[in-house]
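Colleague: I should like to go through this model with you, beginning with its strands and ending with its aromatic side chains.

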Amino acid sequence: MQVEINNQDSISLPLLGHVIFGTDEICDYVFDITDFPDKKLFSIIHDKAACIIEVFNGEEILVNNQVIKEMAILHPGDNIKIEGQDLKVIDDNRLPKACSTPFKLNKNSDNNGLLLTSVSGLRSFNSNNYGELTIVGEHNSFTHVPTSDQDIPFTVSYVNEALTLLCKRNEEIEINGNKANYVELKNGDYITSGMAKYCVESPGTSSFSKYSPSHPRNIQLSEEYLVDDADNSELNNGFIKKNLWWMTLLGGLVIIAGILFALKNM
């Protein structure tokens with residue numbers, strides 16, 4: 001896993017450990033930002049399960065144009081911006097495989113001999129519908145419709161039993177942070193197209209592990225669930241769920257005590 005900085009430098013992330021970014025000389029990577037105090041800005045932690053950004057000193061850092069003040073899970077292709085610096089996460093171990101077969105929509109409704117597509121699809125990380133899984137296969141194809149002039153359309157369909165992505169002619173999107181136009185997709189690939197982000201999920205691979213993209217708490221950025229913006233009813237419901245066992249026990253003891261008291265005075 002690498003981090004590309006300002007489309008020039010790139011720094012490799014250790015398999016286990018972190019890299020500190022900032023303007024202080026003690027940082028692992030020092031930004032050349034004039035008129036800015038020397039300090040640590042953020043670190044990127046990389047382990048076997050996930051890549052995580054940790055923000056220091058309450059700095060406002062943008063990840064995919066969303067403000068992050070504490071911590072967030074990063075995926076290949078994610079963009080980080082702070083004080084005019086532009087960083088991108090790249091998974092150089094998951095280069096997209098170019099496809100040479102002419103693109104065509106698979107209209108064959110008979111799945112015999114084809115890859116099972118009951119849960120194959122693209123998991124959306126986009127606003128208004130992030131978390132939604134768009135099935136590909138049974139519906140023949142999926143087309144991403146641009147949401148702005150900076151966004152790029154693409155279509156995903158099965159070509160020779162391989163899930164394949166075709167981008168708009170003369171345009172490129174990113175697969176795991178690597179530029180691509182017409183490629184075969186694999187489970188776990190991250191697609192970014194300017195303003196959109198998707199994750200490829202294949203049959204039997206969706207799970208609810210701590211860092212899974214299917215986990216309801218990891219739908220977009222982990223910080224969404226660190227911000228204390230829940231209303232009182234949600235907080236109360238969470239308190240009741242966590243303490244239901246001893247509240248039930250206490251209620252039972254009160255009832256038993258009441259029964260014994262009534263029997264004693266009969």
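Modeller: Two strands count as paired if DSSP finds at least two bridges between them. Please bear in mind that this is a predicted model.

Colleague: In what order do the 6 strands of the open sheet lie?

Modeller: The chain contains 2 helices and 22 strands. Of these strands, 6 join in an open sheet with antiparallel pairing. Their order is E2-E1-E11-E10-E7-E8.

Colleague: Which are the edge strands, and at what average angle are neighbouring strands turned?

Modeller: An edge strand pairs on one side only, and this applies to strand E2 (9–12) and strand E8 (66–68). Within this sheet, with direction ignored, the average turn of neighbouring strands against each other is 25°.

Colleague: Which residue in E10 is the bridge partner of Leu62?

Modeller: Strand E7 covers residues 61–63 and strand E10 covers residues 79–82. The two pair in the antiparallel sense over 2 bridges. The partner of Leu62 in E10 is Lys81.

Colleague: How many disulfides does the whole structure hold, and are Cys99 and Cys199 buried or exposed?

Modeller: A disulfide is a covalent bond between the sulfur atoms of two cysteines. The search of the whole structure returns 0 disulfides. The cut-off for a buried residue is under 20% relative accessible area. Cys99 has 11% relative accessibility and Cys199 has 2%, so each is buried.

Colleague: What share of the 266 residues is buried?

Modeller: The chain exposes about 15600 Å², of which carbon and sulfur atoms supply 52%. As for the residues themselves, the buried share is 39%.

Colleague: How is the pair of Phe21 and Tyr29 classed?

Modeller: The whole structure has 9 aromatic pairs. For Phe21 and Tyr29, the ring centres are 6.0 Å apart and the planes stand at 45°. Planes under 30 degrees apart would be stacked and those over 60 edge-to-face, so this pair is tilted.

Colleague: How many residues apart in sequence are the parts that Phe31 and Phe42 tie together?

Modeller: Phe31 and Phe42 form a tilted pair, 6.3 Å centre to centre with 35° between the planes. Phe31 lies in the loop between strand E4 (29–30) and strand E5 (40–46), whereas Phe42 lies in strand E5. The pair therefore ties together parts whose separation in sequence is 11 residues.

Colleague: Which residues form one aromatic cluster?

Modeller: Phe21 and Tyr29 are both buried. Phe31 and Phe42 are buried as well. The cluster consists of Phe21, Tyr29, Phe31 and Phe42.

How values were computed: Residues are numbered from 1 along each chain as its sequence is written. This is a predicted model: local features need pLDDT of at least 70, side-chain atom pairs count only at pLDDT 80 or more; totals for chains, interfaces and linings use all residues. Side-chain values use heavy atoms; hydrogens and water are left out. Helices (H or I, at least four residues) and strands (E, at least two) are DSSP runs, numbered from the N terminus. Buried means under 20% relative accessible area, exposed over 50%, partly exposed in between (1.4 Å probe, protein chains only). Accessible areas come from the Shrake-Rupley method with a 1.4 Å probe; for residues, only the protein chains shown count as cover. A disulfide is a pair of cysteine sulfur atoms within 2.5 Å. Axes are lines fitted to C-alpha atoms, for helices over the stretch in contact, and angles run from 0 to 180 degrees between N-to-C directions. Rings of Phe, Tyr and Trp (its six-membered ring) pair if their centres lie within 6.5 Å; planes under 30 degrees apart count as stacked, over 60 as edge-to-face and the rest as tilted.
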